[in-house]
Amino acid sequence: MEANITAVWWGLLASTALIAVVHAAAGPDHYLPFIAIGMARKWSRTKAFAVVLVSGIAHVLSSVAIGVVGIAAGIGLESLKFLEGTRGTVAGWLLIFAGALYLAWSLRPRHHHAHAEDIANDPRAQRRGIIFWVFVAVIVLGPCEPLIPLMFVAVQISWAAVAAASLLFLILTLAMMELFVLTGLAGISLLPKRLTHHLGNAFAGLVIIGLGIALMLFA
């Protein structure tokens, strides 16, 4: 009996590890927005690492919270899948909106009037607000589709199994996100500075819009 329980635990953890790695690698919303905006805003490695870390934790824990509440309240898996799909749709619209604003900002005329601008029209304030909504859409609202079904499987063993699977999923998702983002930014740093300087912000806006459309189609 003890051997069977051990085998079930190892099977759960191995499945969780495989799904977490494949999910993070196959989902460009886990890394492309960070690479695009990091290139445009010339993030340091430390800043990129910190932003990805905080965002990735929020991304996974939001789905963990939904899963825990759903299991505890006796809500069916199909209902939670529908909720995750709805989150994906909302995230897609926010991405399209944020990407369009970012693209418009990147293409604005570069000359400025000498008089003081209203704070609401300050490009720096607009930029900070756009980036904030991008991360809200991609990370917090973006669905983490395979995690909740894994939690439903794990709870058949115990709540400890749910906690272990969720923690492993979180760790591996963060590791994959950091790997892709830092590697991508390192590769972009090798490109000619003139190219990234002139195209960085526009490219970031187009990437964000593209990801929003993808989420709308496949959520």
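The questions and answers below go through a predicted model of one protein chain.

User: How many helices and how many strands does the protein chain have?
Analyst: From the N terminus on, the elements run α-α-α-α-α-α-α-α. No strand appears in that order. The secondary structure therefore comes to eight helices and zero strands.

User: Which elements have the lowest and the highest mean pLDDT?
Analyst: Over the protein chain the mean pLDDT is 80, and 79% of the residues reach 70 or more. The elements can be ranked by their own means, with helix 5 (residues 123-140) at 61 and helix 7 at 95. The lowest is helix 5 and the highest is helix 7.

User: Over which residues does pLDDT stay under 50, and how many contacts beyond four places in sequence does the model have for them?
Analyst: Where pLDDT is low, the predicted coordinates should not be read in detail. This applies to a stretch where pLDDT stays under 50. The stretch is residues 111-122, and the contacts number six.

User: What percentage of the residues in the protein chain is buried?
Analyst: A residue counts as buried when its relative accessible area is under 20%. The protein chain has 219 residues. Its exposed area is about 11,700 Å², of which carbon and sulfur atoms supply 73%. The buried share of the residues is 43%.

User: Why is helix 2 described as largely enclosed by the rest of the structure, and how many of its residues are buried?
Analyst: The buried residues of helix 2 are Pro33, Phe34, Ile35, Ala36, Ile37, Gly38, Met39 and Ala40. Helix 2 has 10 residues, and it is largely enclosed because most of them are buried: eight.

User: At what angle do helix 2 and helix 7 pack?
Analyst: Helix 2 covers residues 32-41 and helix 7 covers residues 159-188, with their axes 9 Å apart. Their crossing is right-handed. The angle is about 35°.

User: How many nonpolar, polar and charged residues are in the contact of helix 2 with helix 7?
Analyst: From helix 2 the contact takes in Phe34, Ile35, Gly38 and Met39. From helix 7 it takes in Met177, Phe180, Val181, Gly184, Leu185 and Ile188. By class, the counts are eight nonpolar, two polar and no charged residues.

User: Is isoleucine 35 buried or exposed?
Analyst: Isoleucine 35 is found in helix 2. Not counting residues up to four places away in sequence, isoleucine 35 touches Phe180, Val181, Gly184, Leu185 and Ile188. Its relative accessibility is 10%, so isoleucine 35 counts as buried.

User: How far apart in space are isoleucine 35 and alanine 204, C-alpha to C-alpha?
Analyst: In sequence the two residues are 169 residues apart. In the protein chain, among contacts between residues at least 6 apart in sequence, 85% join residues at least 24 apart. For isoleucine 35 and alanine 204 the C-alpha separation is 8.4 Å.

User: Which residue follows helix 2, and what is its phi?
Analyst: Helix 2 ends at residue 41. The residue after the helix has a positive phi. It is lysine 42, with phi near 55°.

User: Is histidine 23 buried or exposed?
Analyst: Histidine 23 has its place in helix 1 (residues 2-26). Beyond four places in sequence, its contacts are His30, Cys144, Glu145, Pro146 and Phe169. At 14% relative accessibility, histidine 23 counts as buried.

User: Is leucine 107 buried or exposed?
Analyst: Leucine 107 lies in the loop between helix 4 (77-106) and helix 5. Its C-alpha atom is 8.5 Å from that of asparagine 201, which is 94 residues away along the chain. With a relative accessibility of 61%, leucine 107 counts as exposed.

Terms used
Residues numbered from 1 in each chain as written. Predicted model: local features only at pLDDT ≥ 70, side-chain atom pairs only at ≥ 80, totals over all residues. Heavy atoms only, no water. Axes fitted to C-alpha atoms, helices over the stretch in contact; angles between N-to-C directions. Helix = DSSP H or I, 4+ residues; strand = E, 2+ residues; numbered from the N terminus. Left-handed = near helix turned anticlockwise from the far one by under 90°. Contact = heavy atoms within 4.5 Å. Nonpolar A, V, L, I, M, F, W, Y, C, P; charged D, E, K, R; others polar. Buried < 20%, exposed > 50% of the residue type's maximum accessible area, 1.4 Å probe, protein only. Areas by Shrake-Rupley, 256 points an atom, 1.4 Å probe, with all protein chains shown as cover. pLDDT = per-residue confidence, 0-100.
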